[in-house]
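Hi everyone, thanks for coming. I'd like to walk you through one model today, starting with its pockets and then turning to helix packing and a couple of backbone details. Here it is on the screen.

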Amino acid sequence: MAEVVVAGAAGRMGRSLVGCLRDLADLGLAGALERPGHPALGQDVGEVAGVGRIGVAITADPGALLTRDRILIEFSAPGPTLDHLSRAAQTRARAVIGTTGFSPEEREEIAALARQIPILLSPNMSVGVNLAFKLLAQMATALGDEYDVEITEIHHRWKTDAPSGTALRMAEAIAQALGRDPQQVLVYGRRGLTGERTAKEIGIQSLRAGDVVGDHTVVFGGQGERLELTHRTGSRDAFARGAIRAARFIATAPAGLHSMQDVLGLK
């Protein structure tokens, strides 16, 4: 049985992961991490997650938990994630990372660490969303430059980064399929007298409201018709189950930077 360590265990995604891991035969929950000073430290992670006592206490000591070949699953913030990955590289642990909001420099740091250990990095662990990445590239290739591309995303009011990592990855997949440089064509919101839309820009709009888990819509707008692809997430369990599928993959993967496209055989 492969052993899993959940970071951010008392958070929304952490609690969902603990619930989904509870009764699996091939993956066992070996540890639960939270930041120093968190009120849940010392508590049983199963009780915090609302699934009953499971005998794993929440700790703030990653060094004691990230041992060789254990699998870190993390949905938190860039700072603690990078700290945990550095420790994982030192001990030859493995990692599945769903954290978003990394800077280009932080992504380079992750890529460097992935030369030492297997790391799976994805802005969205949902199986449906990762299939959407593939479909969007195919749609963009077929429709070409005659169709305008606009992306909208809506998330809960507590999300701290915008646009979502998923929206950015969708835009990147489309831009790559169309031979465009994302750095040159992405437009984030519009205000005032912007002038006519340019032919090759890809617009991204971010909404934050209530407790929305995450909805994404991509619009391909042509003359006389419009084609839309929408993915709606009704529960964080979709992300948790995708992360568990990723953990099964990373348990035997070689060192390197992997993605959900590898897990699903979509490359």
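Let me begin with the second largest pocket, which holds about 770 Å³ of space. Keep in mind that this is a predicted model. A total of 29 residues line this pocket, and Arg107, Gly165, Leu168, Arg169 and Glu172 are the closest to its centre. Several elements give two or more residues to the lining: the helices α5 (104-113), α6, α7, α8 (182-185) and α10 (260-263), along with the strands β8 (186-188) and β12 (256-258). Which of them gives the largest share? That is α7, with four residues. Sorted by class, the lining has 13 nonpolar, eleven polar and five charged residues.

Now for the largest pocket. Its volume is about 1,100 Å³. Here 41 residues form the lining, and those nearest the centre are Arg12, Met13, Phe75, Ser76 and Ala77. The elements giving two or more residues are α1 (12-21), α4 (78-91) and, once again, α7. The largest share comes from α4, which supplies four residues. As for the classes, we have 15 nonpolar, 18 polar and eight charged residues in this lining.

Since α7 has turned up in both linings, let's see how this helix packs. Helix α6 (residues 127-143) and helix α7 (residues 165-177) have their axes 8 Å apart and pack at an angle of about 30°. Angles under 35 degrees count as roughly parallel, so α6 is roughly parallel to α7. The crossing of α6 past α7 is right-handed. On the α6 side, the contact is made by Val129, Phe133, Leu136, Ala137, Ala140 and Thr141, and on the α7 side by Thr166, Arg169, Met170, Ala173, Ile174 and Ala177. What classes do these contact residues fall into? Nine are nonpolar, two are polar and one is charged. You may recognise Arg169, one of the residues closest to the centre of the second largest pocket.

The other helix pair I'd like to show is α4 and α5. Their axes come within 10 Å and cross at roughly 15°, so α4 too is roughly parallel to its partner, α5. This time the crossing, α4 past α5, is left-handed. From α4, the contact takes in Pro78, Leu82, Leu85, Ser86 and Ala89, while α5 brings Glu106, Glu109, Ile110 and Leu113. The residues of this contact divide into six nonpolar, one polar and two charged.

Last stop, the backbone. Most residues other than glycine have a negative phi, and most peptide bonds are trans. Where does this model depart from that pattern? One place is the peptide bond from Ala162 to Pro163, which is cis, with omega near -5°. Pro163 sits in the loop between β7 (148-155) and α7. Another is Asp69, whose phi is near 70°, a positive value in a residue other than glycine. You'll find Asp69 in the loop between α3 (62-65) and β4 (71-74).

To recap for those who joined late: α4 gives the largest share of the lining of the largest pocket, and α7 does so for the second largest. That's my tour, and I'm happy to rotate the view for anyone who wants another look.

Key. Residues numbered from 1 in each chain as written. Predicted model: local features only at pLDDT ≥ 70, side-chain atom pairs only at ≥ 80, totals over all residues. Heavy atoms only, no water. Axes fitted to C-alpha atoms, helices over the stretch in contact; angles between N-to-C directions. Parallel < 35°, antiparallel > 145°, perpendicular 65-115°, else oblique. Left-handed = near helix turned anticlockwise from the far one by under 90°. Contact = heavy atoms within 4.5 Å. Nonpolar A, V, L, I, M, F, W, Y, C, P; charged D, E, K, R; others polar. 1 Å grid on protein atoms, 1.4 Å probe; cavity = no way out; pocket = protein on both sides within 12 Å on 5 of 7 lines; lining within 4 Å. Points joined across faces, edges and corners; volume = space filled by probe spheres on them.
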